[in-house]
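Open the model in a viewer and keep the sequence panel beside it. The stops below are given as selections, each followed by what is found there.

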Amino acid sequence: FSYEIRVEEQAYACLIPKMTLQPLAENACVHGVEAVSTDRRVRVEASVEEGWLKLKVEDNGGGMSPEKLRELKAMLNGEASAGKSVGLWNIYRRLVLYYQENFRFDIDSTPGEGTVCTIRIPAKYREESVAQRL
């Protein structure tokens with residue numbers, strides 16, 4: 001497979017909770033592109049938009065059925081157990097601990113086209129980076 005990592009300059013200076021991106025990238029590699037026999041792609045992006053750090057992991061894999069996507073969203077809303085989606089559950093719970101309700105975690109998927117996970121958290125900068133910008 002091929003991968004692309006795009007990080008805007010301002011996003012390099014931002015802090016994120018540990019183990020936020022790794023499970024998403026792993027899911028894209030293991031579950032996403034396994035359904036594609038050629039031209040497997042995974043893209044990771046980070047940007048800062050109006051005070052929010054936007055993190056996005058996207059694959060061009062098999063995608064999820066609408067039913068599976070509903071189950072995942074129900075699990076993230078606390079309406080179902082984590083089941084096999086422990087990685088996503090852990091990310092979501094960690095974000096709740098750090099940001100309470102001040103974040104977004106979206107999953108979009110289209111069967112046969114792939115999955116996109118997008119996280120938006122308040123942009124928080126490393127202290128040395130703040131000093132460099134002043």
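In which strand is the place of Tyr3? Select residues 2–7: this is strand E1, and Tyr3 sits in it. The model is a predicted one, which applies to every stop on this tour.

**Stop 1: the start of the chain.** Keep Tyr3 and add Phe1 and Ile5; these three residues make a nonpolar surface patch of about 410 Å². Tyr3 has a relative accessibility of 61% and therefore counts as exposed, the cut-off being over 50%.

**Stop 2: charged side chains from E1 outward.** Select Glu4 and Arg6. Their side chains meet in a salt bridge, with N to O at 2.4 Å. Both residues are partly exposed: Arg6 at 47% relative accessibility and Glu4 at 28%. Now add Arg43, which forms a salt bridge with Glu4 as well, the closest N and O atoms being 3.6 Å apart. Because Glu4 lies in strand E1 and Arg43 in strand E2, this pair ties together parts that are 39 residues apart in sequence. Arg43 is partly exposed, its relative accessible area being 27%. Extend the selection to Glu45 and Glu58 to show a network of salt bridges that links them with Glu4, Arg6 and Arg43.

**Stop 3: a salt bridge between E4 and E5.** How many salt bridges does a search of the whole structure find? The count is seven. For another one, select Arg120 and Asp106, whose side chains meet at 3.5 Å, N to O. Arg120 belongs to strand E5 (residues 114–122) and Asp106 to strand E4 (residues 104–110), so the pair ties together parts 14 residues apart in sequence. Arg120 is partly exposed at 26% relative accessibility.

**Stop 4: two helices.** Select residues 22–32 for helix H2 and residues 86–99 for helix H4; their axes come within 9 Å and cross at roughly 155°. How do H2 and H4 run, roughly parallel or roughly antiparallel to each other? Angles over 145 degrees count as roughly antiparallel, and H2 and H4 are therefore roughly antiparallel. The crossing in which H2 passes H4 is left-handed.

**Stop 5: two loop residues with positive phi.** Go to Met19, in the loop between helix H1 (9–12) and H2. Its phi is near 60°, a positive value in a residue other than glycine. Met19 is partly exposed, with a relative accessible area of 45%. Finish at Asp39, in the loop between H2 and strand E2 (41–49). Asp39 is not a glycine either, and its phi is positive, near 50°.

How values were computed:
Residues numbered from 1 in each chain as written. Predicted model: local features only at pLDDT ≥ 70, side-chain atom pairs only at ≥ 80, totals over all residues. Heavy atoms only, no water. Patch = residues over 30% accessible without salt bridge, like charges linked within 9 Å, V, L, I, M, F, W, Y side chains within 5 Å. Areas by Shrake-Rupley, 256 points an atom, 1.4 Å probe, with all protein chains shown as cover. Salt bridge = Lys/Arg side-chain N within 4 Å of Asp/Glu carboxyl O. Helix = DSSP H or I, 4+ residues; strand = E, 2+ residues; numbered from the N terminus. Buried < 20%, exposed > 50% of the residue type's maximum accessible area, 1.4 Å probe, protein only. Axes fitted to C-alpha atoms, helices over the stretch in contact; angles between N-to-C directions. Parallel < 35°, antiparallel > 145°, perpendicular 65-115°, else oblique. Left-handed = near helix turned anticlockwise from the far one by under 90°.
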